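I opened a fresh page of the notebook for this structure and wrote down what I looked up, entry by entry.

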Amino acid sequence: MGDGLMKQLPRFSIGVGDRFAHQAKAQLAACIKAKEAGLEVVPVWNKSNREHNIIGSEPSQTRKAADAAVKELGWSAPYYLDADHINLNTVDRFLAPCDFFTLDVADMIGKPADAADVKAFVSRHPELIGTVTIPGIAEPFKTDEAFVTKIANKFLAAVQDAGRIYRFLVEKKGAENFVPEVSMDETDSPQTPVELLIILAAVADEKIPIQTIAPKFTGRFNKGVDYVGDVAQFAREFREDIAAIAFAVKTYGLPANLKLSVHSGSDKFSIYKSIHDAVTSTGAGVHLKTAGTTWLEELIGLAEAGGQGLEIAKEVYREAYGHREELCAPYATVIDIDPSKLPTPEAVNGWTSEQYVSALRHDQSNPAYNPSLRQLLHVGFKVAAKMGDRYLKALESNEESVARNVTTNLFDRHIRPVFLGR
Ligand SMILES: [Zn+2]
């Protein structure tokens, strides 16, 4: 596996989402700032099937926007286009434009695998049974056959499914032309490091040369707001996951650049130091995935510009508020909105630029910051999609203000703490 011809994802990468295909340049500008600060952080433009469906866009448009930005800004390091959370039913339109595929098998977790396959897996992996010592993890794990069988039962069908998607992609694109990631984040319970190791053994058995894996971490990763959970426990698990990956790379011959992918990674300010410290002290890589945070910066940029930009931002809030139940439903498990904290559209109508920006911008030191409003707008991009050209024209006529906010958010609030550690 990892024959050297494969596309190699560099050590540090950042997933960026560009819902309306207008911010690729502003996003890339943040990676250029990182380069100027001495660190290569490569962009991976991601947009899920769900987002394309809600907006009515095509992956080929994201490709066009990314290529144009790269050309215009003279970016010479790698960059990728992520077919985000796809499966065999949804992959088709992503095949040509994408060179990074997030194989989403969360739905298969817990579906029992073929009993004979589980048995074969367990007997193929005696090293997972008994005392499992992973360098970098102080306490060895104690497991037995029943435990490994239980975990295999939980994950094997999902990994086999990933194998089917992977082989389909190899047939359509050629193994050397894309980076595969396996994601298991959109599921109920977090995976422990030993579960991760068992999953990686199964991934290696399926001969999927994954370069990133997105487990579900402990704590809540709500869209566009800070991490909610035990930061110390997250830090410990993150380090143990890194150790489990390094061990799996050695033991199972997975690609040497295999690294953790942190999904819903934007705005998780309270865990960024843990991530930075862990990758710095171990030499591991990390993929930090952000997406909707950029769309919120579009709104902030419009509101900050005042005039008609501010009016559009208010209109988005008014419509989002009016349709809040419908907008929140698909994201119910990844948002925590307190309805009593949502201002009425009438109140927002009277706001100045500064009031709107203060409520929306993720600045926890500002008493006017309102995470409920922020989360509602995060899932409210459908409203802007419905505005169509009117919204896109507003982005274009306020480009300076919008781009400045998009770049600053990605660089100062994400790239800086996670990758540069300052
Ligand atoms: Zn995800």
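The entries below go through the metal site, the backbone, two packed helices, three single residues and the cysteines.

**Entry 1: the model and the zinc ion**

I noted before anything else that this is a predicted model. I then looked up which protein atoms serve as donors of the zinc ion, and found His-85 through NE2, Asp-185 through OD and His-263 through ND1, lying 2.0 to 2.3 Å from the ion. Written along the sequence, the spacing of these donor residues reads H-x99-D-x77-H. Asp-185 belongs to the loop between β7 (179-183) and α6 (193-205), while His-263 belongs to the loop between β9 (259-262) and α8 (269-282), so I recorded the pair as linking distant parts of the chain, 78 residues apart. I also checked whether these two are buried or exposed, and both Asp-185 and His-263 are buried.

**Entry 2: positive phi angles**

I reminded myself that most residues other than glycine have a negative phi. Against that background I wrote down His-85, which is not a glycine and yet has a positive phi of about 55°. His-85 is placed in strand β3 (residues 80-86), and with a relative accessible area of 15% it is buried, because the cut-off for that word is under 20%. This is the His-85 that I had already listed among the donors of the zinc ion.

Lys-207 is another non-glycine residue with a positive phi, in this case about 60°. I found Lys-207 in the loop between α6 and β8, where it is exposed, with a relative accessible area of 58%.

**Entry 3: helices α13 and α14**

How are α13 and α14 placed with respect to each other? I read that helix α13 (residues 353-360) and helix α14 (residues 371-378) pack at an angle of about 85°, with their axes 7 Å apart, and that they are therefore roughly perpendicular to each other. On the side of α13 the contact is made by Tyr-356, Ala-359 and Leu-360, and on the side of α14 by Leu-373, Arg-374 and Leu-377. Sorted by kind, the residues of this contact come to 5 nonpolar, no polar and 1 charged.

I then asked how many residues of α14 are buried. The count is 7 of the 8, so α14 is largely enclosed by the rest of the structure. The buried ones are Ser-372, Leu-373, Arg-374, Gln-375, Leu-376, Leu-377 and His-378. What covers them includes α9 (292-305), α10 (307-322), α11 (324-328), α13 and α15 (381-387).

**Entry 4: Tyr-317**

I followed the cover of α14 into helix α10, where Tyr-317 is found. Tyr-317 has 0% relative accessibility and therefore counts as buried. Leaving aside neighbours within four places in sequence, I listed its contacts as Leu-342, Pro-343, Thr-344, Pro-345, Val-348, Tyr-356, Leu-373, Leu-376 and Leu-377. For scale I also noted Ala-232, which is 85 residues from Tyr-317 along the chain, with 36 Å between the two C-alpha atoms.

**Entry 5: Phe-155 and Thr-218**

Phe-155 is found in helix α5 (residues 145-173) and is buried, with a relative accessible area of 3%. Not counting residues up to four places away in sequence, Phe-155 touches Ile-109, Met-184, Gln-191, Glu-195 and Ile-199.

Thr-218 is in the loop between β8 (212-214) and α7 (231-252), and at 12% relative accessibility this residue also counts as buried. Beyond its neighbours within four places in sequence, Thr-218 is in contact with Pro-190, Tyr-227, Gln-233, Phe-234 and Glu-237. I added that His-52 is 166 residues from Thr-218 in sequence and 29 Å away in space, C-alpha to C-alpha.

**Entry 6: the cysteines**

How many disulfides does a search of the whole structure find? The search finds 0. Cys-98 is in no disulfide, and the nearest cysteine sulfur, that of Cys-31, is 17 Å away, whereas a disulfide needs the two sulfur atoms within 2.5 Å. I closed the page with accessibility: Cys-98 counts as buried at 3%, and Cys-328 counts as buried at 16%.

Terms used: Residues are numbered from 1 along each chain as its sequence is written. This is a predicted model: local features need pLDDT of at least 70, side-chain atom pairs count only at pLDDT 80 or more; totals for chains, interfaces and linings use all residues. Side-chain values use heavy atoms; hydrogens and water are left out. Buried means under 20% relative accessible area, exposed over 50%, partly exposed in between (1.4 Å probe, protein chains only). Axes are lines fitted to C-alpha atoms, for helices over the stretch in contact, and angles run from 0 to 180 degrees between N-to-C directions. Helices (H or I, at least four residues) and strands (E, at least two) are DSSP runs, numbered from the N terminus. Angles under 35 degrees count as roughly parallel, over 145 as roughly antiparallel, 65 to 115 as roughly perpendicular and the rest as oblique. Contact means heavy atoms within 4.5 Å. Ala, Val, Leu, Ile, Met, Phe, Trp, Tyr, Cys and Pro count as nonpolar, Asp, Glu, Lys and Arg as charged, and the others, Gly among them, as polar. Donors are N, O and S atoms within 2.8 Å of the metal (3.2 Å for Na, K and Ca); water is not among the atoms, so sites may look incomplete.
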